Amino acid sequence: MKMRRGCETRQIMDEADSLDADRVIPHNQVEGRSSKIRNWSGFWLLGLCNNFAYVVMLSAAHDILTKQQSDNSTTPTPPSLDGDFEVRNSSNSTRYDCNPVSTAVVLLADILPSLVIKLSATFYIHHVPYGFRVLFCVGATVTSFLLVSFSTTMSMSILGVVFASMGSGLGELSFLSLTAFFSSDVLEGWGSGTGGAGVAGALMYSALTQAGLSPPDTLLTMLLVPAAMLLSYFLLLAFPPMFPQWRRLREAGPMGRGGAEERRRLMDEREEEEEEEEEEESEQQEKGPREDRANGPLSCTEKMRAIKMILKFVLPLGTVYYAEYFINQGLLELLFFPKSTMTHAEQYRWYQTLYQVGVLVSRSSLRCVKIRNLWALALLQIVNTVFLLSAVYFQFLPAPWLVFIIVLYEGLLGGAAYVNTFYFISKESGDREREYAMAAASVGDTLGIALAALTAFPAHSYFCSL
């Protein structure tokens, strides 16, 4: 029965392709088992590669700032990022072993360009084909690793972080939009891959530097990541028929005599087929966008309707990410335990690594558990923030292992908020608005992170003045 329906659907889609060569017809109804595995794996790798540079830059934040401060206070050094990253700041007289500049500087450089791209994407992104977007992301990531690796000044390092942010921001909104053309289980692959990027990036950076490899050499080894993005996108994904890889999705216009009637017939048949499946299945099938999704661009009214729908998910997501990144870049560098066998830089790296482990676990849990009450996650994350803020001020925690447990839990909350947000947006948005809604919702976590970076500055200044 299903095989016959799949063949009929393929025939319908082939007929539609012949009517309009510029049409994009999502093919999640006709994906075979092998294609589904390829696409799930492809989106997992894309999530991993897209967020990798972003995570590495945050893990290297303490090293970047320490090295640049060391260079500025001593004689000039050769053009590299090597040197003693574990030396404490000689001018530091506070109980927090502060860098002169908060790691929030790196976070701002790592998030603001991404935020600008996501906020402005509505006006231009539909003119840029997906293939060119991916090439830009790869180029930006390569440039980022090279600039930070061979950095000689703070401005050069920050510029490298900016390129990482640009590539990650464009990649996230593009790949989330791309999920609308595939079966919805690829969203699980994407979420798990982005969580894997956190663990792989933070753990690899921490492990390689602690094993004795210099930070610049560590960053150079990570040039394999953008190469993996190219391979996973162009060779692994099984794209829908007539996917506009190198051309923009044009507005659907008149197709000549009889064209509109033929298109309507195909649409009616597709809708009848979907109604039959809904009756046969006891559980709701995760269907992709129907054919009418591409019938012209969204109007302003449709965009506003989509934005109104996603606000109930985006607002708690932004709150969760505001709280957790205020912790990560505003408080964790101040939670230093001098009696530990680990240096300050090592403690900071492992904070970031364990946080990313929590993110990976929760972003990979969508198949097992779904959480629609995102405000509960936001409240729990705020509790974490208040507790760690008190811990920084009163210094009542005896050892770093307690912080390790808290940041692991913090990552679980953040990853759960992310993957559940996009899952429910995908399920509750209309077929026509889904691609736009998924891209627009990606602003939520980015905006929360940017606000966290801005508020981390006064917190850092206050505590380092004590």
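These are my notebook entries on what I looked up in this predicted model.

**Entry 1, the whole chain**

I began with the overall make-up, and I noted that the secondary structure of the protein comes to 16 helices and zero strands. Of the 466 residues in the protein, 57% are buried. I then looked at the contacts between residues at least 6 apart in sequence, and 85% of these join residues at least 24 apart. For the surface I wrote down an exposed area of about 19300 Å², with carbon and sulfur atoms supplying 64% of it.

**Entry 2, aromatic pairs**

I turned next to the rings and found that the structure holds 23 aromatic pairs. The one I looked up to begin with joins Tyr 233 and Phe 234, whose ring centres are 4.8 Å apart and whose planes stand at 90 degrees, so I entered the pair as edge-to-face. Tyr 233 is buried, with a relative accessible area of 0%, whereas Phe 234 is partly exposed at 28%.

I then took the pair of Tyr 351 and Phe 404, where the ring centres are 5.6 Å apart and the planes lie at 65 degrees, so this pair is edge-to-face too, given that angles over 60 degrees count as such. The pair links distant parts of the chain, because Tyr 351 belongs to helix α12 (residues 344-363) and Phe 404 to helix α14 (residues 400-428), 53 residues apart. Both Tyr 351 and Phe 404 are buried.

Which residues do ring pairs link into a cluster? I listed Phe 43, Tyr 130, Phe 132, Phe 175, Phe 181, Phe 182, Trp 190, Tyr 233, Phe 234, Phe 239, Phe 243 and Trp 246.

**Entry 3, charges over rings**

I also looked for charged side chains placed over ring faces, and I noted Arg 363 over the face of Tyr 418, at 3.7 Å from the ring centre. Lys 370 lies over the face of Tyr 423, at 5.3 Å from the ring centre.

**Entry 4, salt bridges**

The structure holds seven salt bridges, and I followed several of them by residue. Glu 188 forms one with Arg 367, with the closest N and O atoms 2.5 Å apart. This pair links distant parts of the chain, since Glu 188 is in helix α7 (residues 186-210) and Arg 367 in the loop between α12 and α13, 179 residues apart. I checked how far each partner is covered: Glu 188 is buried, with a relative accessible area of 12%, while Arg 367 counts as exposed at 58%.

The side chains of Glu 302 and Arg 432 meet in another salt bridge, at 2.8 Å from N to O. Here, too, the pair links distant parts of the chain, with Glu 302 in helix α11 (residues 300-331) and Arg 432 in the loop between α14 and α15 (434-441), 130 residues apart. Glu 302 is buried at 15% relative accessible area, and Arg 432 counts as buried at 18%.

I then looked at Glu 428 and Lys 312, whose side chains meet in a salt bridge at 3.3 Å, N to O. Glu 428 is in helix α14 and Lys 312 in helix α11, 116 residues apart, and the pair links distant parts of the chain. Glu 428 is partly exposed, with a relative accessible area of 33%, and Lys 312 counts as partly exposed at 45%. I noted as well that Lys 312, Arg 372 and Glu 428 are linked in a network of salt bridges.

**Entry 5, a surface patch and the loop beside it**

On the surface I found a nonpolar patch formed by Phe 387, Tyr 393, Phe 394, Phe 396, Tyr 462 and Leu 466, with about 600 Å² of accessible area together. Helix α13 (residues 374-394) gives the most to this patch, with three residues. Phe 387 is placed in helix α13, and at 37% relative accessibility Phe 387 counts as partly exposed.

What is the sign of phi at Gln 395? I found a positive phi of about 55 degrees at Gln 395, although this residue is not a glycine. Most residues other than glycine have a negative phi. Gln 395 lies in the loop between α13 and α14 and counts as partly exposed, at 37% relative accessibility.

**Entry 6, two buried residues**

I closed with Ser 232 in helix α9 (residues 224-236), which is buried, with a relative accessible area of 3%. Leaving aside residues up to four places away in sequence, Ser 232 touches Gly 42, Leu 45, Leu 46 and Leu 237. Val 106, in helix α4 (residues 104-124), is buried with a relative accessible area of 0%. Val 106 and Leu 58 are 48 residues apart in sequence and 6.9 Å apart in space, C-alpha to C-alpha.

Note on methods
Residues are numbered from 1 along each chain as its sequence is written. This is a predicted model: local features need pLDDT of at least 70, side-chain atom pairs count only at pLDDT 80 or more; totals for chains, interfaces and linings use all residues. Side-chain values use heavy atoms; hydrogens and water are left out. Rings of Phe, Tyr and Trp (its six-membered ring) pair if their centres lie within 6.5 Å; planes under 30 degrees apart count as stacked, over 60 as edge-to-face and the rest as tilted. Buried means under 20% relative accessible area, exposed over 50%, partly exposed in between (1.4 Å probe, protein chains only). Helices (H or I, at least four residues) and strands (E, at least two) are DSSP runs, numbered from the N terminus. A charge sits over a ring if NZ of Lys or CZ of Arg is within 6 Å of the ring centre and within 35 degrees of the ring normal. Patches are made of residues with over 30% relative accessible area and no salt bridge: like charges are joined within 9 Å, nonpolar side chains (Val, Leu, Ile, Met, Phe, Trp, Tyr) within 5 Å. Accessible areas come from the Shrake-Rupley method with a 1.4 Å probe; for residues, only the protein chains shown count as cover. Contact means heavy atoms within 4.5 Å.
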